[in-house]
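I opened this notebook to record what I looked up in the structure, entry by entry.

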Amino acid sequence: MLRLLASMHVFAVPAPVRTVIGEVICLPDATISEELARRLAALPAVARVIPINTPYHLASRALFPTTTRVRVGQAIFGGGDPIIIAGPCSVEGEEPILEAARAARDAGAQLLRGGAFKPRTSPYSFQGLGLAGVELLARAGAATGLPIVTEVMEPALVPQVAAFADVLQVGSRNMQNYPLLRAVGAAGRPVLLKRGFAATLDEWLLAAEYILAAGNPNVLLCERGVRGFDPQTRNLLDLACVPLLRQLTHLPILVDPSHATGRRDLVAPMGIAAIAAGADGLLVEMHPRPDEALSDGRQTIDPGALRQLIRRGRAVRAALTSEDSSPDAGPAAAKELVGGAHL
Ligand code: PEP
Ligand code: MN
């Protein structure tokens, strides 16, 4: 097929995707005339030609109408239940991260977070414990049975961090670090890709496309607020992106109400609102004693507040799920229609 396409001067890219029918090939959209699409569709080796009207292909719901499920340990992102990732902003030491891990588990979180490589705005702020911190996080995760999520900032460090982390986080400031996206795409671990704080949804989904095109199908999108104009909040939480992304992509969608607001008092209301909007999970900063946290204490909730947030979030999801359990109602039916409309 690739040779045939090249003879037609169409330089296609084989996608690292194998479906039950066969393989997916991505064609550069500008070159595909209706006439060419018809000719291709008539070839015996071609099951279907799917026109995709977006710059991203592998991330699009038009190509994959079913929501992707990403399994990490016992947790399934995109499986219907909101999955909660909680833990301190930074790994602070062996005892502190173990205490935080136990608190996260006891509050009902399914994954443990903690930064060891910290992308701090100021070079004088606490920069994290580096690889030693990743190892401490992994030990705390193993001791509590929680898979771990941690940020990696440099392509060269991806293999070492991936040796310990269950999920690799790419932070907001690195969303368009293309060498890093390629490296995590090749790391064989699920990737939590945060939205750049000034990124459009197309830019974000194209960043996800880099990871998918590198052969890693397990990408979690995480909205963490975009740059706003009002200093009352650290960022502006773009909750509308949750139902909108649901139409555009099959990838699971998470929300981080901690970095999105920068305020402890707003984390629970916005976390619950995110679940009501259809988020597949939350990333929440939690510390046993938030005021003593080495970073982001002002947006960090305590274990009691986390427990209450999880309880309320699950109640909201359950109420909405029972509401739209009739076959032709609710978000599931709507997204199938949107996916189908592109076909
Ligand atoms: C974080 O989750 O610790 C973090 C630094 O987030 P962001 O990249 O969204 O600022
Ligand atoms: Mn933080």
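The entries below deal with cores, an aromatic contact and cavities.

I note that this is a predicted model, in which local features need pLDDT of at least 70 and side-chain atom pairs count only at pLDDT 80 or more, while totals for chains, interfaces and linings use all residues. Residues are numbered from 1 along each chain as its sequence is written, chains are lettered from A, and side-chain values use heavy atoms without hydrogens or water.

I looked up the largest nonpolar core (buried Ala, Val, Leu, Ile, Met, Phe, Trp, Tyr and Cys joined through side-chain atoms within 4.5 Å; buried means under 20% relative accessible area with a 1.4 Å probe, protein chains only), and found that V184, L193 and L306 touch the most other members among its 77 residues. A second, separate core has 14 residues, including V72, C222, L254 and L283.

I then checked V184, which, leaving aside residues up to four places away in sequence, touches V152, V158, L168, V170, R189, V191, I211 and N216 (contact means heavy atoms within 4.5 Å).

I found the charged end of R227 over the ring of F197, 4.9 Å from its centre (the criterion is CZ of Arg within 6 Å of the ring centre and within 35 degrees of the ring normal).

Definitions and conventions. Buried means under 20% relative accessible area, exposed over 50%, partly exposed in between (1.4 Å probe, protein chains only).
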